[in-house]
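Here are a few exercises to work through at your own pace. Have a go at each one before you read the solution.

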Amino acid sequence: MLTAHTIKILQSLDKKKFRQKYNLFLVEGNKIICELSNSNFKIKEILSTHPEKLDFPGVTITHISENELKKISFLKTPKDSVAVCYIEEEQEMEDQDIQLVLDGIQDPGNLGTIIRLADWFGIEQIICSEDTVDFYNPKVIQASMGSFTRVNMVYCDLVEYLSATDNTNIGTDMDGENIYSFEKPKKMNLILGNEGNGMRAETEKLLHKKITIPRFGKSKSTESLNVSMAAGIILGQFFSK
């Protein structure tokens, strides 16, 4: 049985300041929790309504009731288990041949989807501005569907980083080069801007190349694509060559 104090701590982990205070974050659902076994993330404890379904040698697995699960879960429909994990120390950043760079992404679902896309295309590192939504936000973790265990996330001063990188900085612009004729550089940073405002002016100044996804439909009502949708289209085209 979970104590009221433990429940209160776990419930507080939906906020960044408490995740940092306790150095903990939550992973929900057996499917995603199983991804942790092949990662560097350390599990403090697993709380499960069906402990017999999990095999994690050396990890404490505590049986909890359905009611307790509802109290600590951040999902509308809680899933079987919750893993309480330690926040990993940020790894050192070394430029990879292809990286995603996020400038002020705010929606947790978008970030989680972008992490999932990166994993799908074998991109091992995402570089984020310091005001991009926190990687350990439970909605980000859930939307990534376990891909967060395989993508290195780095938060930094983007202007400082983009000014020093040897990679070609590429960003989207309505007047950019058509992605279907664009020649992908061997080493590149694909920069994705904020959902509503796009990338900052100081980030845009550091672009070496600009690209655009041409519109084939006749409708004028669709002003732009969702940032994670745009990322998927661009990466699909880049990797098709």
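Is K15 buried, partly exposed or exposed? Before the solution, a word on what you're looking at. This is a predicted model, where local features need pLDDT of at least 70 and side-chain atom pairs count only at pLDDT 80 or more, while totals for chains, interfaces and linings use all residues. Residues are numbered from 1 along each chain as its sequence is written, and side-chain values use heavy atoms, with hydrogens and water left out.

**Exercise 1. Place K15 and find its partner.**

Step 1. Start with the scale: buried means under 20% relative accessible area, exposed means over 50%, and partly exposed is in between (1.4 Å probe, protein chains only).
Step 2. K15 has a relative accessible area of 44%, so K15 is partly exposed.
Step 3. Now the partner. A salt bridge is a side-chain nitrogen of Lys or Arg within 4 Å of a carboxyl oxygen of Asp or Glu. K15 makes one with D14, and their closest N and O atoms are 3.8 Å apart.
Step 4. Check D14 too: its relative accessibility is 32%, so D14 is partly exposed.

**Exercise 2. Work out what R200 holds on to.**

Step 1. Search the whole structure and you get 8 salt bridges.
Step 2. One of R200's partners is D103, with the closest N and O atoms 2.1 Å apart. R200 sits in the loop between β9 (188-193) and α8 (201-204) and D103 in strand β5, so this pair ties together parts that are 97 residues apart in sequence. Helices (H or I, at least four residues) and strands (E, at least two) are DSSP runs, numbered from the N terminus.
Step 3. Compare the surroundings: R200 is partly exposed at 30% relative accessibility, whereas D103 is buried at 1%.
Step 4. R200 also forms a salt bridge with D131, and here the closest N and O atoms are 2.2 Å apart. This pair links distant parts of the chain as well, since D131 lies in the loop between β6 (125-129) and α6 (138-144), 69 residues from R200.
Step 5. D131 has a relative accessible area of 37%, which makes D131 partly exposed.
Step 6. There's a network to spot elsewhere: E35, D119 and R150 are joined by salt bridges that share partners.

**Exercise 3. Explain why C34 and C85 are not bonded to each other.**

Step 1. A disulfide is a pair of cysteine sulfur atoms within 2.5 Å. The count for this structure is 0.
Step 2. From the sulfur of C34, the closest cysteine sulfur belongs to C85 and is 12 Å away, so the two are too far apart for a bond.
Step 3. Look at it from the other end: C85 is in no disulfide either, its nearest cysteine sulfur being that of C34.
Step 4. Their exposure is worth a look. C34 is partly exposed at 40% relative accessibility, and C85 is buried at 0%.

**Exercise 4. Look at the backbone of N23 and D80.**

Step 1. N23 is not a glycine, yet its phi is positive, at about 60 degrees.
Step 2. Find N23 in the loop between α2 (16-22) and β1 (24-28). N23 is partly exposed, with a relative accessible area of 35%.
Step 3. D80 isn't a glycine either, and it has a positive phi of about 20 degrees.
Step 4. D80 lies in the loop between α4 (66-72) and β4, and at 30% relative accessibility D80 is partly exposed.

**Exercise 5. Find two surface patches.**

Step 1. Patches are made of residues with over 30% relative accessible area and no salt bridge; like charges are joined within 9 Å, and nonpolar side chains (Val, Leu, Ile, Met, Phe, Trp, Tyr) within 5 Å. Accessible areas come from the Shrake-Rupley method with a 1.4 Å probe, and for residues only the protein chains shown count as cover.
Step 2. Which residues gather in a patch of negative charge on the surface? They are E92, E94, D95 and D166. Asp and Glu count as negative, Lys and Arg as positive, and His and the chain ends are not counted. The place of a charge is taken as NZ of Lys, CZ of Arg, CG of Asp or CD of Glu.
Step 3. Zoom in on E94, in the loop between β4 (81-86) and β5 (98-103). Its relative accessible area is 55%, so E94 is exposed.
Step 4. For the nonpolar patch, pick out Y180, F216, L225, M229 and I233, which make about 500 Å² of surface.
Step 5. I233 is in helix α9 (residues 227-238) and is partly exposed at 31% relative accessibility.
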